[in-house]
Amino acid sequence: MSAAVSYRDYGGPEVLEIVDVPEPHANAGEVRVAVRAAGLNPFDSKVRRGGYLPNHSLPAMQGAEFAGVIDELGEGVTEWELGDEVLGWIGRGAQAEFVVVPKERIARKPADLDWAVAGGIGLVANTAKRAVDSLDLGPDDTVLVTAAAGGVGVIAAQLAKATGAAVVGTASEPHHDFLTRLGVIPVAYGEGEVERLRAAAPDGYTAALDHIGGGAIRTALELGIPAERINTIADHDAVETLGVQGVGGGKKTTVELAEFARQADAGELVVPIRSTYRLPDVVAAYRDLETGHGLGKVVLLIP
Ligand SMILES: NC(=O)c1ccc[n+]([C@@H]2O[C@H](COP(=O)([O-])OP(=O)(O)OC[C@H]3O[C@@H](n4cnc5c(N)ncnc54)[C@H](OP(=O)(O)O)[C@@H]3O)[C@@H](O)[C@H]2O)c1
């Protein structure tokens with residue numbers, strides 16, 4: 001048997017438990033990975049609270065991104081070896097001692113890359129890239145990035161900056177120095193936000209990347225940004241009703257994931273880790289994530 005995070009009822013973090021499940025094994029074309037780190041995402045919480053995904057059934061496993069060590073090779077897998085360190089993503093079930101995935105779902109982990117970082121980018125880095133690419137940004141752009149200190153936002157802000165665009169990011173004040181070091185102009189959210197955003201970019205904004213939803217799209221429109229140059233990964237209603245883009249995490253590739261891992265290892269992409277927890281403390285880890293505040297990723301370390 002092996003340990004995995006699971007829930008039998010919909011609800012908050014308190015419904016999570018560590019259960020014993022039969023040890024999974026790699027079938028043909030698959031690898032088994034002994035997980036060392038698995039990131040947490042708001043997506044996990046939305047699904048666990050119920051009503052978010054059609055055809056979701058209980059009991060369910062949790063976690064969509066992981067890093068670990070290959071410890072079993074399915075028949076016909078020749079590209080990987082036992083002991084290879086890898087990172088990847090999975091529909092759910094990453095928060096477990098073992099995951100089994102198709103051999104195409106993993107990328108090589110640079111030897112010196114921190115386990116928490118490797119286990120915390122499988123979902124968010126591709127999402128950020130898809131979102132940034134959707135706006136075709138360049139040096140003539142001034143981009144508003146909301147929730148620029150969050151798991152996706154902090155990567156999106158850096159990828160936007162790398163296009164040559166000027167980037168203004170919203171975050172609470174404790175995260176402003178960090179964003180400034182990334183070359184992002186920080187602006188506090190909350191009352192008076194629109195005026196502060198106008199002051200931060202007196203010549204105006206040409207595009208927006210939203211990672212928070214709520215009133216963020218209205219704010220972007222109020223700033224004069226055309227709807228087609230606004231992308232949100234957090235406000236499905238705005239995509240339906242306001243004509244903004246909703247490009248997010250589909251079409252992940254391991255080629256890109258390997259490149260993100262290389263950049264993170266080289267210090268070209270900064271992936272802040274908000275906190276790490278051990279597997280038995282998964283409830284506390286999700287309580288932390290679900291505060292909705294903090295700099296970067298929350299990651300479970302396993303075992
Ligand atoms: N569509 C997709 O493919 C996709 C993929 C991944 C994520 N998502 C969604 O994208 C959203 C962000 O995900 P995430 O992983 O980045 O979340 P996260 O890491 O939990 O985001 C937390 C961040 O939000 C910031 N924040 C909180 N209230 C804010 C406000 N009013 N204005 C601006 N920033 C605020 C916090 O800043 P402070 O700490 O400074 O308060 C914190 O840094 C979630 O809704 C998630 O479900 C969608």
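This report looks at where the ligand sits in the protein and then at a few unusual spots in the backbone. Keep in mind that the model is predicted.

**Around the ligand**

Let's start with the ligand's surroundings. It has 24 residues around it, and the closest ones are Lys46, Ser172, Tyr189, His293 and Gly294. What kind of residues make up this shell? There are 10 nonpolar residues, 12 polar ones and two charged ones.

Where do these residues come from? Both domains chip in: domain 1 (2-123 + 252-301) and domain 2 (125-242) each supply at least three residues of the shell. If you go by shares, helix α1 (residues 42-48) gives the largest one, with three residues. As for the spot itself, the ligand takes up the space of the largest pocket.

Now zoom in on some polar contacts. The table lists three N or O atoms of the protein, each paired with an oxygen atom of the ligand.

| Residue | Part of the residue | Distance to a ligand oxygen |
|---|---|---|
| Lys46 | side chain N or O atom | 2.7 Å |
| Gly151 | backbone N or O atom | 2.8 Å |
| Gly150 | backbone N or O atom | 3.2 Å |

So how much of the ligand does the protein cover? On its own, the ligand has 940 Å² of accessible area, and the protein covers 85% of that.

**Odd spots in the backbone**

Time to leave the ligand and follow the chain itself. As a rule, most peptide bonds are trans, and most residues other than glycine have a negative phi. A few places in this model go against that rule.

Take the loop between α1 and β4 (60-61), where you'll find Pro59. The peptide bond that joins Leu58 to Pro59 is cis, with an omega of about -5°. Asn55 is in the loop between α1 and β4 too. This residue is not a glycine, yet its phi is positive, at about 60°.

Which other peptide bond is cis? That would be the one from Ile302 to Pro303, where omega is near 0°. To find Pro303, look in the segment after β15 (297-301).

Key:
Residues are numbered from 1 along each chain as its sequence is written. This is a predicted model: local features need pLDDT of at least 70, side-chain atom pairs count only at pLDDT 80 or more; totals for chains, interfaces and linings use all residues. Side-chain values use heavy atoms; hydrogens and water are left out. A residue is near a molecule or strand if one of its heavy atoms lies within 4 Å of it. A polar contact is a pair of N or O atoms within 3.5 Å; within protein, one must be able to donate a hydrogen and the other to accept it, and residues adjacent in sequence count only if both atoms are side-chain atoms. Accessible areas come from the Shrake-Rupley method with a 1.4 Å probe; for residues, only the protein chains shown count as cover. On a 1 Å grid over the protein atoms alone, a cavity is a set of points where a 1.4 Å probe fits but cannot get out, and a pocket is an open set with protein on both sides within 12 Å along at least five of seven lines; lining residues have an atom within 4 Å of a point. A molecule sits in a cavity or pocket if more than half of its atoms lie within 2 Å of its grid points. Helices (H or I, at least four residues) and strands (E, at least two) are DSSP runs, numbered from the N terminus. Ala, Val, Leu, Ile, Met, Phe, Trp, Tyr, Cys and Pro count as nonpolar, Asp, Glu, Lys and Arg as charged, and the others, Gly among them, as polar. Domain bounds come from an automatic or database domain assignment.
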